[in-house]
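The following exercises invite the reader to work through a protein model step by step. Each task is followed by a worked solution.

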Amino acid sequence: MKFTKMQGLGNDYVYIDCFSEQVAKPEELAIRIADRHFGVGGDGLILICPSEIAPVRMRMFNADGSEGKMCGNGARCVARYAYDHGLVTSRSFDIETGAGIRHAEVGESLVTIDMGEAVLDGELEEAITVDGKATRMTPVNVGNPHAVYLVDSLETLRGLDLDKIGPAYEHHPRFPEGVNSEFLYIESPTELHMRVYERGSGETLACGTGATAVAFAAMRLGRANEKVTVHLLGGDLMLEQLSDGHFRMTGPAVEVFSGSYFSE
Ligand SMILES: N[C@H](CCC[C@H](N)C(=O)O)C(=O)O
């Protein structure tokens, strides 16, 4: 089976072009192919599929085999792949995702995705107790669920042991279906810093839906302008809220290598 390895800010997935390949059990394949020792290695698996309502459809699976409805870094890479490999002829086109249609614009090096509207999924700065510790978070839905936790300094952000504390956030009973958790430090109204512990994949170097969620939370808290740079471990994303409420996310999307995966 042919695959392509792509990354957006180090959020890396194994991509399979389902215009030419068939994947019978993507949940199982995701677990095996995303394994960094026994497989190709990645944060999960993304299928680039034909669609009846758009030129291309994205399906994303986390490293544990669970399917996510939306993936920002994945959408940029799918857009890059679709354009570079001739699945589309225009640089501007729609992608069908589990969360609905997302519009993509493929530039020379950067790709922009219209992430749609973010929705407050509860209260701003809701009280929550995680692992016995009382704290606050802002729940945001960007097609997939996020919880945004504010931290008070860059040092605190850098010092978080997410491998250790992450699972208690991911599986908190407030979110019965699990949640992607972002830890956000607001440096200024235009500069945000975040780390993410993703549902189903653990800490990743970047998360496009997560960056959209933190931009939304910071704006709703009155602490960010409508255009911000989000600094992630793997690099920077630009997020802008348009007058219609939609978030435009701009960042890199890179093909790293391709090969053949010998499954079974
Ligand atoms: N890394 C992705 C999000 C994956 C979300 C997934 N972990 C879920 O279960 O919702 C992004 O760039 O938006």
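Helices and strands are DSSP runs numbered from the N terminus, a helix having at least four residues and a strand at least two. The model is a predicted one.

**Exercise 1. Locate the residues annotated "active site" and describe their surroundings.**

Solution.

Step 1. The unreviewed UniProt entry places this feature at C71 and C207. They span 137 residues in sequence, yet no two of their C-alpha atoms are more than 7.6 Å apart, so they gather at one spot.

Step 2. C71 lies in the loop between β5 (67-68) and α2. C207 belongs to the loop between β15 (202-204) and α5.

Step 3. A residue is buried if 20 or more other C-beta atoms lie within 10 Å of its own. C71 has 31 such neighbours and therefore counts as buried. C207 has 34 and is likewise buried.

Step 4. Residues up to four places away in sequence are left aside when contacts are listed. On this basis C71 is in contact with I46, M60, G208 and T209. C207 touches N11, G72, N73, N180, V196 and E198.

**Exercise 2. Determine where G72 and N144, two of the residues annotated "binding site", are found and whether they are buried or exposed.**

Solution.

Step 1. The annotation, from the unreviewed UniProt entry, covers N11, N62, G72, N73, N144, N180, E198, R199, G208 and T209.

Step 2. G72 is part of helix α2 (residues 72-84). N144 is found in the loop between β11 (133-141) and β12 (145-150).

Step 3. G72 has 30 C-beta neighbours inside 10 Å and so counts as buried. N144, with 25 C-beta neighbours inside 10 Å, also counts as buried.

Step 4. Beyond four places in sequence, the contacts of G72 are I113, M115, C207, G208, T209, A211, T212 and M249. Under the same exclusion, N144 is in contact with G68, K69, M70, A99, N180 and T209.

**Exercise 3. Check the length of helix α5 (residues 208-220) and establish how far it is enclosed.**

Solution.

Step 1. Helix α5 has 13 residues, which at 1.5 Å a residue should span 18 Å. The C-alpha atoms at its ends are 18 Å apart, in agreement with that expectation.

Step 2. Of the 13 residues of α5, 12 are buried, so the helix is largely enclosed by the rest of the structure. Among the buried residues are G208, T209, F216 and M219.

Step 3. Just after α5, G222 takes a positive phi of about 75°.

**Exercise 4. Describe the side chains of strand β8 (residues 110-114) and identify its partner strands.**

Solution.

Step 1. The side chains of β8 alternate along the strand. V111 and I113 point to one face and are buried, while L110, T112 and D114 point to the other and are not.

Step 2. β7 (residues 100-106) runs antiparallel to β8 and is joined to it by four bridges. Three residues separate β7 and β8, which form a hairpin. V106 stands opposite V111 in β8.

Step 3. β8 also pairs with β18 (residues 247-252), in the antiparallel sense and over five bridges. The bridge partner of L110 in β18 is P252.

**Exercise 5. Describe how the chain is divided into domains and how domain 1 touches domain 2.**

Solution.

Step 1. The chain is divided into domain 1 (2-114 + 251-260) and domain 2 (119-245). Their C-alpha centres lie 23 Å apart.

Step 2. In the contact between them, 23 residues of domain 1 meet 21 residues of domain 2.

Step 3. On the side of domain 1 that touches domain 2, the elements giving two or more residues are α2 and β18. The largest share, four residues, comes from α2.

Step 4. By class, this side of domain 1 has seven nonpolar, 12 polar and four charged residues.

**Exercise 6. Where is Y261 found, and which residues is it in contact with?**

Solution.

Step 1. Y261 is in the segment after β19 (254-260). Its 15 C-beta neighbours inside 10 Å make Y261 count as partly exposed.

Step 2. Leaving aside neighbours within four places in sequence, Y261 is in contact with M1, F3, I33 and V40. Y261 and I33 are 228 residues apart along the chain, and their C-alpha atoms are separated by 8.1 Å.

Terms used: Residues numbered from 1 in each chain as written. Predicted model: local features only at pLDDT ≥ 70, side-chain atom pairs only at ≥ 80, totals over all residues. Expected span 1.5 Å × (residues − 1). UniProt positions renumbered as here; feature names shortened; annotations may be inferred. Contact = placed C-beta atoms within 7 Å. Pairing = 2+ DSSP bridges. Domains from an automatic or database assignment. Nonpolar A, V, L, I, M, F, W, Y, C, P; charged D, E, K, R; others polar.
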